[in-house]
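Trainee: I would like to go through this model with you, one question at a time. Where should we begin?

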Amino acid sequence: MLVTPQKTNYSLYKDSLEKTFFLPNGLFGIENIHEYRIQKVSDTPFYDMQATQEDYSFFLINPYFISQEFELNILPHDYQALGSPAYMDLIVFSIVTLNSDVQKVSCNLLGPLVINTATLIARQCINQDEKWVTKHSLLTGKSLSSTL
Amino acid sequence: MLVLSRKKDESIVIEIEQGINIKILEVKGDNVKIGIDAPPHIRVFREEVIKKIAQENLAANKPRGASQPDDAMLNTILKQ
């Protein structure tokens with residue numbers, strides 16, 4: 001199902017993200033970590049997500065900032081697990097993978113992080129449109145990995 | 001691994017009280033179409049997709065203390 005979350009309302013991000021949010025299923029590959037905090041990295045489009053208890057941290061970015069064509073197409077199961085929220089309560093992030101070669105800095109548009117800001121429940125969903133990849137170059141906007 | 005033989009339109013039930021039912025819908029050459037009924041809290045994935053996302057998550061985990069992306073890198077990205 002095609003979901004239309006907040007795309008540019010950064011004030012909403014700022015307001016909601018000062019709280020801890022909960023990932024009941026964790027991230028794929030890091031399923032045992034359930035609590036994270038997000039802070040805006042000042043003067044950049046990046047957000048800093050840190051686990052509250054363990055040593056895991058990530059940079060995030062608004063996928064609509066990276067690709068104006070980005071769409072969030074998730075399984076109805078995922079939407080229900082988020083509490084079937086109003087779209088205006090949803091925000092979406094893409095996890096950034098840094099690299100010493102700036103050409104290879106990428107973000108993951110296949111597995112976006114979706115947050116229900118009303119309940120602070122989050123879920124890493126799988127974008128059902130197979131054109132999105134795990135390594136989308138921030139610099140060129142092109143895929144750095146093969147599609148599935 | 002438990003191995004069961006099934007024909008088209010036959011099903012497998014997992015955890016009957018949870019209502020998980022897997023049905024063979026179509027067999028064409030080496031391609032099998034499977035229908036899965038499961039409650040919303042049961043997550044069903046294609047294995048290669050979650051492996052790829054898990055691998056990327058682990059690669060994206062940054063050292064604590066890397067408080068923001070390198071300035072030169074950031075400037076290059078933002079100029080695009």
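**The core and what surrounds it**

Mentor: Start with the core, and keep in mind that this is a predicted model. The largest nonpolar core has 41 residues, and A:Leu60, A:Ile95, A:Val96 and A:Leu113 touch the most other members.

Trainee: Which element gives the most to this core?

Mentor: Several elements supply at least two residues each. In chain A they are S3 (35-40), S4 (46-51), S5 (57-61), H3 (76-81), S7 (90-97) and S8 (106-116). Chain B adds H1. The top contributor, with six residues, is S8(A).

Trainee: Which residues of chain B are in contact with A:Ile95?

Mentor: Leave aside the neighbours within four places in sequence. Within chain A, the contacts of A:Ile95 are A:Phe58, A:Leu60, A:Cys107, A:Asn108 and A:Leu113. From chain B come B:Asn57 and B:Ala60.

Trainee: Is S5(A) largely enclosed or left open?

Mentor: Count its buried residues. Four of the five residues of S5(A) are buried, so the rest of the structure surrounds this strand. The verdict on S5(A) is largely enclosed.

Trainee: How many bridges join S5(A) to S7(A)?

Mentor: Take S4(A) beforehand: five bridges join S4(A) to S5(A), running antiparallel. These two strands make a hairpin with five residues between them, and A:Met49 stands opposite A:Phe58. S5(A) also pairs with S7(A) in the antiparallel sense, where A:Phe59 has A:Val96 as its bridge partner. For S5(A) and S7(A), the number of bridges is three.

Trainee: Why does A:Phe28 count as buried?

Mentor: A:Phe28 lies in the loop between S2 (20-22) and S3 of chain A. The cut-off for a buried residue is 20 or more other C-beta atoms within 10 Å. A:Phe28 counts as buried because its C-beta neighbours inside 10 Å number 21.

Trainee: Which residues of chain B are in contact with A:Phe28?

Mentor: Again, set aside neighbours within four places in sequence. Chain A provides A:Gly111 and A:Gln124. Chain B provides B:Ile50, B:Ile53, B:Ala54 and B:Asn57.

**Chain B and its contact side**

Trainee: In what order do the elements of chain B run?

Mentor: Chain B has two helices and three strands. Read from the N terminus, the order is β-β-β-α-α.

Trainee: Which strands of chain B stand at the edges of the sheet?

Mentor: The three strands form an open, antiparallel sheet in the order S1-S2-S3. An edge strand here has a single partner, so one of its sides lacks a neighbour in the sheet. Neighbouring strands are turned by 25° against each other on average, direction ignored. The edge strands are S1 (11-14) and S3 (31-37).

Trainee: Which residue of S3(B) stands opposite B:Asn21?

Mentor: S2 of chain B covers residues 20-28. Seven bridges join S2 to S3(B), and the two run antiparallel. Opposite B:Asn21 is B:Asp37.

Trainee: Which element gives the most to the side of chain B that touches chain A?

Mentor: 26 residues of chain B are in contact with 31 residues of chain A. H1 (47-60) and H2 (71-79) of chain B each supply at least two residues of that side. The most, 12 residues, come from H1(B).

Trainee: How many residues on that side of chain B are nonpolar?

Mentor: Split the side of chain B that touches chain A by residue type. Seven residues are polar and six are charged. The nonpolar residues number 13.

Trainee: What percentage of chain B counts as buried?

Mentor: Chain B has 80 residues. Among its contacts with a separation of 6 or more, 0% are between residues 24 or more positions apart. The buried share of chain B is 9%.

Technical notes: Residues numbered from 1 in each chain as written. Chains lettered and ligands numbered in written order. Predicted model: local features only at pLDDT ≥ 70, side-chain atom pairs only at ≥ 80, totals over all residues. Pairing = 2+ DSSP bridges. Axes fitted to C-alpha atoms, helices over the stretch in contact; angles between N-to-C directions. Buried ≥ 20, exposed ≤ 12 C-beta atoms within 10 Å, placed from the backbone. Contact = placed C-beta atoms within 7 Å. Nonpolar A, V, L, I, M, F, W, Y, C, P; charged D, E, K, R; others polar. Core = buried A, V, L, I, M, F, W, Y, C linked by C-beta atoms within 7 Å.
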